[in-house]
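Colleague: I am new to this one, so could we go through it together, a piece at a time?

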Amino acid sequence: TVREFVALAKRQYPELLVSSNAGYLVPPMDIAIPYRGLSRELPNIKHEYGAYYCTLPDTSLIPKFTGVFDPVWLKREKDWIESNRLTWDYPLYLRNSWRLHATGVKAYVEKLRSLPEFTGYFYWLINDYPGGTGEGAAWNWGWLDQFFQPKHITPREAQEINAAVMPLIDVPVNSRTLWIEDGKTVDVLVSNYGDRAIENGKLSWEVHCNQQRLADGGGTIRPVPLGSITPAGQIRIEKLPLKEAAELMLVVSIETKSGKYQNRWKLWAFPRAGLMQRSSMPVATLVKSAALRKFFPFIQGAGAENPPGGVLIASDFHPRVLEFLKAGGRVLMLAEPGRFGDRITYFPGSGGALGINVPKDHPALLGFPHDGFPDLQFFNLLEGGTQLMFSPGLRSIIGGVRLARVSRENVLSRVSLLSEANVGPGKLLFSTLNLRSNLDEAFPEAVYLLDRLLRYVTGPEFHPTAELSGEQIDEIRVPYTEMIH
């Protein structure tokens, strides 16, 4: 049947290239839509390309459904939001799920544009798809909502990541941070699908912080053939004139005879100088980690006696940890990945969504650069961490709402990544972020965030308001899925 339709299309429109959208190469198509492997004879177009994750449901759209659709799926989700007392907080989680999706769209498109084997793509999806059909619950996977309104992606951003001539940087999403003192080297590529080869093109770049230019440079680039991805030069960001951690914006421009093309990326810079070297109270650790002691030399190994009136670093609710809390001690829990719940991926799995809020004014995060959204400076901190299911005994510092697609239905739940509580006379700061695996010079964000947490847990502002009972600890530390039947 596909072959018959291809033949019909080629007779009707002999001047056009013809393909199927099935994801398989069925001769005699003019374009390969590779499902497995690549065609060596035809242009390859990536089929239904994209992150395959979605955004949280937007219940504010319910009044817009004035036609034949009854948005029963949104009404169910609205009931869940109200029953969990999230009416006021949910819009923030929703917007941050949009921002996460937009971050992924840019990352995925740029990844494909850097691969010379592909000449195009069909992105999945451009707009959300309503529920109540044979496909199951609503598919909130689009750049636009069900009424074709943008979900955070602006027209300018969409134009930049779909430009015929597109500047790219060879810096993966897990490497967008740097030490202020060290700077960073960035390789620049050009994806040229414009109207001609680029001859005598010019590269220029700038680094901004709070709209102030910190560094710039440029020069002539080598020729870039049409239909190619070509190295265009290298950017060297030297030591930056900053004393505090900060968000940066790297803007790269390519100027050709056809016009000027621009792209931009956020980077985050952290100071190595000023990391905590001593503490106002004893700090001991049950976690065996050479990196922990390297960056924070005041931390001691926990002996037979825990430090009275001090801080104990642990990875689980060991009996010694519970005794320490009962004695009025402070505990910094750096959880083992996956120990207290499902592993987290920064870009959620197929059909999943994640809306996380990072508070701007909590003292545990003082000085860590963010605007309330866990952007790519959190990639390594979230990737491989744990989605701790919300407990009423914990007060979430970094937390939010996730969506999982189960049997074609969208299921919402609350999650926490950094939380705090009083446990009897003791105090607990509970992190399920992936800190321990990333305590390395290559990941300044992990070292710097742990510095912030240590300052908080040893300081005078550590005053949790929630109360975590022994029964609630048992529910957290022995997940039902790990119990032996």
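**A walk through the model**

Modeller: Let us begin with Leu 394, which sits in the loop that runs between strand 17 (386-389) and strand 18 (395-406). Please keep in mind that this is a predicted model.

Colleague: Does Leu 394 count as buried or exposed?

Modeller: Among the residues that Leu 394 touches, leaving out those up to four places away in sequence, are Leu 388, Ala 421, Phe 430 and Ile 476. Its relative accessibility is 5%, and a residue is called buried when that value is under 20%. Leu 394 therefore counts as buried.

Colleague: How far apart in space are Leu 394 and Ser 258, C-alpha to C-alpha?

Modeller: In sequence, Leu 394 and Ser 258 are 136 residues apart. In space, taken from C-alpha to C-alpha, the separation of Leu 394 and Ser 258 is 58 Å.

Colleague: Turning to His 101, which element is it found in, and why does it count as buried?

Modeller: Leaving aside neighbours within four places in sequence, His 101 is in contact with Tyr 53, Cys 54, Thr 55, Trp 141, Gly 142 and Trp 143. His 101 counts as buried because its relative accessibility is 3%, and the element in which His 101 is found is helix 3.

Colleague: At what angle to strand 3 does helix 3 run?

Modeller: Strands 3, 5 and 8 form an open sheet, in the order 3-5-8 and with antiparallel pairing. Its edge strands are strand 3 (165-169) and strand 8 (228-237), each of which pairs on one side only, and the twist from one strand to the next averages 25 degrees. Helix 3 lies across strand 3, strand 5 and strand 8, and its angle to strand 3 is about 100 degrees.

Colleague: Within that sheet, which residue of strand 5 stands opposite Pro 167?

Modeller: Strand 3 pairs with strand 5 (residues 184-192) over five bridges, in the antiparallel sense. Opposite Pro 167, in strand 5, stands Val 190.

Colleague: And in strand 14, which residue is the bridge partner of Leu 312?

Modeller: Strand 14 (residues 330-334) is mostly covered, with five of its five residues buried. Arg 330, Leu 332 and Leu 334 point one way from the strand, while Val 331 and Met 333 point the other way. Strand 13 (residues 311-314) runs parallel to strand 14 and is joined to it by four bridges, and the partner of Leu 312 is Val 331.

Colleague: What is the volume of the largest cavity?

Modeller: The structure holds three cavities of 30 Å³ or more. The lining of the largest cavity includes Thr 55, Leu 74, Trp 98, Asp 128 and Lys 151, and its residues divide into five nonpolar, three polar and four charged. The volume of this largest cavity is about 70 Å³.

Colleague: Which elements give two or more residues to the lining of the second largest cavity?

Modeller: The second largest cavity holds about 50 Å³ of space, and its lining divides into seven nonpolar residues, one polar and no charged. Among the lining residues are Asn 96, Leu 100, Leu 354 and Ile 356. The elements that contribute two or more residues to this lining are helix 3 (90-113) and strand 16 (353-357).

Definitions and conventions: Residues numbered from 1 in each chain as written. Predicted model: local features only at pLDDT ≥ 70, side-chain atom pairs only at ≥ 80, totals over all residues. Heavy atoms only, no water. 1 Å grid on protein atoms, 1.4 Å probe; cavity = no way out; pocket = protein on both sides within 12 Å on 5 of 7 lines; lining within 4 Å. Points joined across faces, edges and corners; volume = space filled by probe spheres on them. Nonpolar A, V, L, I, M, F, W, Y, C, P; charged D, E, K, R; others polar. Pairing = 2+ DSSP bridges. Axes fitted to C-alpha atoms, helices over the stretch in contact; angles between N-to-C directions. Contact = heavy atoms within 4.5 Å. Buried < 20%, exposed > 50% of the residue type's maximum accessible area, 1.4 Å probe, protein only.
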